[in-house]
Amino acid sequence: MYLKLLGACLTVAGTGALGFYVGNRYLKRVQDLEKLINILNEIKTEMRYRTTPLPEILAKIANEETAVAKLFSIKERGLPLNTGLKKAFEEGFSKTALLKREQEVLLFFAEKVGTTDLKDQENLLNYILEQLKLILTESRSEAEKNVKLVNYLGVLAGAFLVLLFL
Amino acid sequence: MASIEIIFKIAGVGILTAVIHTVLKHAGKEEQAYMATLAGVSIVLFWVIQILAELFSEIKTVFKLF
């Protein structure tokens, strides 16, 4: 009897935790996108007002501790900047909550950054920022809608399973 | 032999299905809400059909229909 009760509690706790985990992914995506936009704004400012070379800016950003900032740390030396950045992005994506859509925008950024003159770079950054802001707005409304739902559904699914198998 | 337990089980599934339906409907996922309700109804129907089959076979034996 007690063993059954324990099993039931564990099932509900497990599915509930799964629900909270999925809900948290939605929130973390919003946070990561906000952080990413801040970083790209920083790159834009550094480029425009201080004309710092791109590798220096990237190294400075990569010193921060967040997973999104670590995306910009190029580990392999000797590669062209674009290839190195692209590789760093591809390796670091799994540590962030960013999804395919924003990943593609970032990969496009990695491909094009540092290949043209300053004015073109600014245009590129503006374009990337606009795209990311659009995604951020969408992900915010998505999170608002889904976080509560996923939390409830996790616990309810556990209760359903317990009822079904008890 | 079906016991009183099955009635509580059916009631539980009913309550949970109603809650899931409400939660999904509030989140604007009406299609999924109806699917959840349908799933709940099918599960209960599955249990009830088994009990009904038992009932019919007992009636057959009582009235010596075979």
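Helices here are DSSP runs of H or I with at least four residues, numbered from the N terminus. The model is predicted.

**Exercise 1. A residue in chain B**

Place Val62(B) in a helix, then decide whether Val62(B) is buried or exposed.

Solution.
- Step 1. Find the element. Val62(B) sits in helix α2 of chain B, which covers residues 30-62.
- Step 2. Count the neighbours. Val62(B) has 8 other C-beta atoms within 10 Å.
- Step 3. Apply the cut-off. A residue with 12 or fewer is exposed, so Val62(B) is exposed.
- Step 4. Add a distance. The C-alpha atoms of Val62(B) and Leu52(B) lie 15 Å apart, with these positions 10 residues apart along the chain.

**Exercise 2. Three residues in chain A**

Classify Thr51(A), Arg25(A) and Val147(A) as buried, partly exposed or exposed.

Solution.
- Step 1. Start with Thr51(A). This residue lies in the loop between α1 and α2 of chain A. Thr51(A) has 8 C-beta neighbours inside 10 Å, so it counts as exposed. Check the backbone too: phi of Thr51(A) is near 40°, a positive value in a residue other than glycine.
- Step 2. Take Arg25(A), in helix α1 of chain A. With 15 C-beta neighbours inside 10 Å, Arg25(A) is partly exposed. Its C-alpha atom is 11 Å from that of Ser139(A), 114 residues apart along the chain.
- Step 3. Take Val147(A), in helix α6 of chain A. It has 20 other C-beta atoms within 10 Å, and the cut-off for buried is 20 or more, so Val147(A) is buried.
- Step 4. List the contacts of Val147(A). Beyond four places in sequence, they are Gly23(A), Tyr26(A) and Leu27(A). The C-alpha atoms of Val147(A) and Asn24(A) are separated by 7.3 Å, although the two residues are 123 apart along the chain.

**Exercise 3. Helix pairs in chain A**

Two packed helices are described by the angle between their axes and the distance between the axes. Find the relative direction of α1(A) and α6(A), of α5(A) and α6(A), and of α4(A) and α5(A).

Solution.
- Step 1. Begin with α1(A) and α6(A). Their axes come within 8 Å and cross at roughly 170°. That angle is over 145, so α1(A) is roughly antiparallel to α6(A). The contact of α1(A) with α6(A) holds 30 nonpolar, 13 polar and 8 charged residues.
- Step 2. Move to α5(A) and α6(A). These axes come within 10 Å, with a crossing angle of roughly 175°. The pair is therefore roughly antiparallel. On the α5(A) side, Arg101(A), Glu102(A), Val105(A), Phe109(A) and Lys112(A) take part; on the α6(A) side, Leu124(A), Ile128(A), Gln131(A), Leu132(A) and Ile135(A). By class, this contact of α5(A) with α6(A) has 6 nonpolar, 1 polar and 3 charged residues.
- Step 3. Finish with α4(A) and α5(A). The axes come within 7 Å and cross at roughly 160°. Hence α4(A) is roughly antiparallel to α5(A). The crossing of α4(A) past α5(A) is right-handed.
- Step 4. Name the residues. From α4(A) come Asn82(A), Leu85(A), Lys86(A) and Phe89(A), and from α5(A) come Leu106(A), Leu107(A), Ala110(A) and Glu111(A). The contact of α4(A) with α5(A) splits into 5 nonpolar, 1 polar and 2 charged residues.

**Exercise 4. The largest nonpolar core**

Which residues touch the most other members of the largest nonpolar core, and which elements give two or more residues to this core?

Solution.
- Step 1. Look at the members. The largest nonpolar core has 33 residues, and Phe109(A), Leu132(A) and Leu156(A) touch the most other members.
- Step 2. Assign the elements. Chain A supplies α1 (2-50), α2 (54-62), α4 (81-92), α5 (100-112) and α6 (118-165), and chain B supplies α1 (5-26).
- Step 3. Rank them. α6(A) gives the most to this core, with 14 residues.
- Step 4. Zoom in on Leu132(A). Apart from residues up to four places away in sequence, Leu132(A) touches Leu33(A), Leu36(A), Ile37(A), Glu102(A) and Val105(A).

**Exercise 5. Chain A against chain B**

How many residues of each chain are in contact, and how do those of chain A divide by class?

Solution.
- Step 1. Count both sides. 9 residues of chain A are in contact with 10 residues of chain B.
- Step 2. Sort the chain A side. The residues that touch chain B are 8 nonpolar, no polar and 1 charged.

Note on methods. Residues are numbered from 1 along each chain as its sequence is written. Chains are lettered from A and ligands numbered from 1 in the order in which they are written. This is a predicted model: local features need pLDDT of at least 70, side-chain atom pairs count only at pLDDT 80 or more; totals for chains, interfaces and linings use all residues. A nonpolar core is a set of buried Ala, Val, Leu, Ile, Met, Phe, Trp, Tyr and Cys residues joined through C-beta atoms within 7 Å. Two residues are in contact if their C-beta atoms, placed from the backbone, lie within 7 Å. Axes are lines fitted to C-alpha atoms, for helices over the stretch in contact, and angles run from 0 to 180 degrees between N-to-C directions. Angles under 35 degrees count as roughly parallel, over 145 as roughly antiparallel, 65 to 115 as roughly perpendicular and the rest as oblique. A crossing is left-handed if the near helix is turned anticlockwise from the far one by less than a right angle, and right-handed if clockwise. Ala, Val, Leu, Ile, Met, Phe, Trp, Tyr, Cys and Pro count as nonpolar, Asp, Glu, Lys and Arg as charged, and the others, Gly among them, as polar.
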